[in-house]
Amino acid sequence: MSRLAVENVSLVYDTSRGPLTALSDLSFKVGDGEFVSVLGPSGCGKSTLLRLASGLMAPSQGTLRLSGEAIKGPRPDVGIVFQQPTLLPWRRVIDNVLVPIRAMGRSLSEYRPKALALLELVGLKGFENHYPHELSGGMQQRVGIARGLIHDPSMLLMDEPFAALDAMTRETMMDEIQRIWSTTAKSVLFITHSIPEAVYLSDRVLVMSPRPGRVIEEVAIDLPRPRTVATLDDRRFVALSSHLRAQFRPKAGDP
Ligand code: ADP
């Protein structure tokens with residue numbers, strides 16, 4: 001059974017200038033433990049898709065299922081990592097990781113050891129009592145990842161989690177995400193507009209069309225794991241990246 005199933009989903013926003021179709025007849029699946037990236041140009045509906053998968057919004061048509069059950073609202077078996085970590089500045093790192101536990105009304109003391117273990121997993125051991133402003137951007141994003149995992153969701157949704165980071169930190173974070181994913185065995189839906197990130201991290205890459213977003217191509221990434229810095233120079237990596245890049249080049253006859 002697939003962990004996430006998106007079935008013929010359309011989403012139309014009501015705007016002051018009339019209806020705007022953000023997603024049109026979108027279908028795909030994410031298998032259990034699979035890492036799937038959604039790659040598409042800005043404005044093609046990637047964040048909209050993530051809001052639907054997280055249950056924050058309902059589709060205009062179609063169905064999204066998690067573990068076979070229709071998604072009707074936010075669910076405890078989903079974790080979300082946002083573009084900006086949006087940490088609470090007045091709370092220490094550990095308390096930021098525990099924010100979803102507080103929101104779910106679960107016991108904070110019960111989850112404290114887990115929060116400490118996750119902070120170690122994301123490379124922040126010893127920083128639990130720091131405040132967000134005492135951390136670099138990359139470290140803040142790691143706190144956001146620990147927060148997304150604290151309630152042990154089976155599905156992790158990541159919305160361009162490296163968008164706000166500099167190029168070198170992004171490369172380090174790719175390895176961190178790979179390590180965390182292989183340690184925790186979560187299913188991941190990773191939204192990005194970076195081709196190298198998508199190829200480096202994924203089992204499969206879904207290419208979305210410009211708005212209204214649909215999947216126009218699906219590419220299996222058959223590179224061995226774990227992927228390392230040497231993978232970036234691998235001929236297969238380069239070929240897969242070029243193939244994906246070609247999808248975004250204007251074609252003859254385009255307006
Ligand atoms: P992406 O994440 O791929 O950049 P979005 O999902 O943010 O794309 O947006 C897809 C389209 O829907 C864009 O044209 C955007 O302007 C529009 N859109 C997004 N959110 C809203 C909203 N709340 N109301 C109206 N239009 C929206």
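Reader: Which residues in helix 5 are buried?

Author: Keep in mind that this is a predicted model. Buried means under 20% relative accessible area, and that cut-off picks out a list in helix 5. The buried residues there are Gly138, Met139, Gln141, Arg142, Val143, Gly144, Ile145, Ala146, Arg147, Gly148 and Leu149.

Reader: Is helix 5 largely enclosed or largely open, and how many of its residues are buried?

Author: Helix 5 has 13 residues, running from 137 to 149. It is largely enclosed by the rest of the structure, because the buried ones number 11 of the 13.

Reader: What do the buried residues of helix 5 pack against?

Author: There are both strands and helices on the list. The strands are strand 6 (78-81) and strand 7 (155-159). The helices are helix 2 (93-97), helix 3 (99-103), helix 4 (108-121) and helix 6 (167-184).

Reader: How far does helix 5 reach from its first C-alpha to its last?

Author: At 1.5 Å a residue, you'd expect 18 Å for this helix. The model comes close to that, with a reach of 19 Å.

Reader: Which residues touch the most other members of the largest nonpolar core?

Author: That core holds 47 residues. Ile145, which is buried in helix 5, is one of the residues asked for. The full set is Leu119, Ile145, Ile150, Met158, Phe162, Val199 and Leu244.

Reader: Is Ser54 buried or exposed?

Author: Ser54 sits in the loop between helix 1 (46-53) and strand 4 (61-66). Away from its sequence neighbours within four places, it contacts Gly73, Pro74, Arg75, Ile80 and Leu157. Its relative accessibility is 5%, so Ser54 counts as buried.

Key: Residues numbered from 1 in each chain as written. Predicted model: local features only at pLDDT ≥ 70, side-chain atom pairs only at ≥ 80, totals over all residues. Heavy atoms only, no water. Helix = DSSP H or I, 4+ residues; strand = E, 2+ residues; numbered from the N terminus. Buried < 20%, exposed > 50% of the residue type's maximum accessible area, 1.4 Å probe, protein only. Contact = heavy atoms within 4.5 Å. Expected span 1.5 Å × (residues − 1). Core = buried A, V, L, I, M, F, W, Y, C linked by side-chain atoms within 4.5 Å.
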